[in-house]
Amino acid sequence: MEEVFKNSDNGLLEFFKREMGFCSPRIFSRRMSASETLIKQIDLYGKLTGHQGCVNTVEFNSTGELLVSGSDDRQIMLWDWAARKLKFSYPSGHLDNIFQARIMPFTDDRKIVTSSADCQVRLSQVLENGSVETKRLSKHQGRVHRLAVEPGSPYVFYSCGEDGFVQHYDLRSNSATKLFYCSSIGENNRSSSSIGLNSIVIDPRNPNYFAVGGADVYARVYDIRNYEVNASTKAGSPVDTFCARHLIGTHDAHITALAYSRTSELLISYNDELIYLFQKNMGLGPHPSSSPSEDLHKLADAQVYSGHRNSQTVKGVNFFGPNDDYILSGSDCGHIFIWKKKGGELVRLMVGDRHIVNQLEPHPTIPLLASCGIEKTIKLWSPSSNAVSPLPDNVQEIMEANRQGREDHSRVTLTPDVIMHVLRLHRRQARVYIERRYNREDVESDNDDDEGESYVLGFSDGGPSEEGGNSRECNIS
């Protein structure tokens, strides 16, 4: 307790306010959950075992009571995470690896939407008798990495795919409509070809706005009110764009993940680059290439988070804490990185996977998070340790190795077309492996020491490897 006082602002005063009735238990809990000491006590709480392939997505329901997961095995699993037990599972109906699964709010946890490498978006309905019906809602012309559910809506959500299209869904009519495609930004702001999309997120403070990111350096923000919700093949017109200043006009990176904070801050994670936090007033406007260079220099620098490496997979990024006080990311080195949002200081570094950590999902109300990666298990993390853990002794070596890997890889310039070609090549190679793997009589267990070899990702600093085609798509989860 003494450590909490030392490491949280006015910790003793907060306890006094609670005891005197000046601070509600809920407010007290939220304030203490942001304690740096609590973050340093985060340790492995438990594992959820059941999937037979890489776990690509973990999401809590709106109350935080359930956790849903999807995997390369094409199964959807719902977990009572507190008891560390599987409630039930079912085949998703997808023909390829599941990339995301979301429980629609206010549906009694009976409606689950999923996206996959098979280009489909599907709806699962849990019936009263416990059986599950699944059906296809739409199909993109490329893999569908991400879904975004409108906050508080049991009906409305969006998808984005490698075909560059953003689609809108309303479960009241079971309709799926194309809003627009996301076009690359050329010279003189002329729209050229579409760019593949990896991420879509909705601003929680104003759900009319949503941001997308993919195979170039710009995160684009759109206003749904500018679009008729009917079929469209037109290029979208963003109301704002965000990009790390030194990447403007380059092809040196692409976006793997986005996240909005509760106060509309936008977090951007770049492939083989760093993570950047943008305030709402730090946008480049709808036409970034027309902004005078002197105006760009007037923009405040985004907050940077470094030390990890995001190269071999399409990793997520997230906020953590009651007031989004921390930033979370996985890494190619198998570690979980937790930084202070303000200032970017690394405060926690944990081994999260024997190979690569891809996704980190915070619980909606308590200081707990779920992680997944190349292993077949889901890991749960909470401040359950009695000890306050410092950064490991080899933290500088880990960060330096990641930095060196980024610099070595950055010598090769990848255009958006090349990036999407490489991802499509991985998909074809992975399909061959999937067919071969599912013909096997037995599936290796998650604890098999040789498992990592079959999941080695197929794109290394030196280029594609022949064995890397056997990655089972973990490389783009």
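This is a short talk on the strands, the nonpolar cores and one buried serine of a single protein model.

Thank you all for coming; please keep in mind throughout that what you have on the screen is a predicted model. I will begin with the whole chain and then move to particular places within it.

The protein has 477 residues, of which 57% are buried, and its secondary structure consists of eight helices and 32 strands. If we take the contacts between residues at least 6 apart in sequence, 56% of them join residues at least 24 apart. The accessible surface comes to about 20500 Å², and carbon and sulfur atoms account for 47% of that area.

Let me turn now to strand E29, which covers residues 369-373, and ask how many of its residues are buried. Five of the five are, so the strand is largely enclosed by the rest of the structure. Looking at the two faces separately, we find Leu 369, Ser 371 and Gly 373 buried on one side, while Ala 370 and Cys 372 are buried on the other, so that both faces are covered.

The neighbours of E29 in the pairing are worth following in turn. Strand E28, residues 357-362, runs antiparallel to E29 and is joined to it by five bridges, with Val 357 having Gly 373 as its bridge partner in E29; these two strands form a hairpin, with six residues between them. Strand E30, residues 378-382, is also antiparallel to E29, here through three bridges, and in this pairing the bridge partner of Ser 371 is Lys 379. E29 and E30 likewise make a hairpin, with four residues between them.

The next region is an open sheet of four strands, arranged in the order E20-E21-E22-E23 with antiparallel pairing. Its edges are strand E20, at 255-260, and strand E23, at 303-305, each of which pairs on one side only, and from one strand to the next the twist averages 20 degrees. Inside the sheet, strand E21 (residues 266-270) and strand E22 (residues 275-278) are paired in the antiparallel sense over four bridges, and Leu 267 stands opposite Leu 277 of E22.

From the sheet we can go on to the packing of side chains. In soluble globular proteins, nonpolar side chains tend to be buried together. In this model the largest nonpolar core has 24 residues, and those with the most contacts inside it are Cys 243, Leu 258, Leu 266, Ile 268 and Tyr 270. Which elements give two or more residues to this core? They are strand E18, at 219-223, together with E20, E21 and E22. Leu 266 can serve as an example: leaving aside neighbours within four places in sequence, its contacts include Val 201, Ala 211, Phe 242, Leu 258, Tyr 260 and Phe 278. Another core, of 17 residues, lies apart from this one, and among its members are Ala 148, Ile 200, Ile 202 and Tyr 222.

Finally, I would like to look at a single polar residue, Ser 71, which belongs to strand E3, residues 67-71. Is Ser 71 buried or exposed? Its relative accessibility is 0%, and because buried means under 20%, Ser 71 counts as buried. A polar atom of the Ser 71 side chain lies 2.9 Å from the backbone oxygen of Cys 54. Not counting residues up to four places away in sequence, Ser 71 touches His 51, Gly 53, Cys 54, Val 55, Asn 56, Asn 97 and Ile 98.

Definitions and conventions: Residues numbered from 1 in each chain as written. Predicted model: local features only at pLDDT ≥ 70, side-chain atom pairs only at ≥ 80, totals over all residues. Heavy atoms only, no water. Buried < 20%, exposed > 50% of the residue type's maximum accessible area, 1.4 Å probe, protein only. Contact = heavy atoms within 4.5 Å. Areas by Shrake-Rupley, 256 points an atom, 1.4 Å probe, with all protein chains shown as cover. Pairing = 2+ DSSP bridges. Axes fitted to C-alpha atoms, helices over the stretch in contact; angles between N-to-C directions. Core = buried A, V, L, I, M, F, W, Y, C linked by side-chain atoms within 4.5 Å. Polar contact = N/O pair within 3.5 Å; in protein donor to acceptor, adjacent residues only side chain to side chain.
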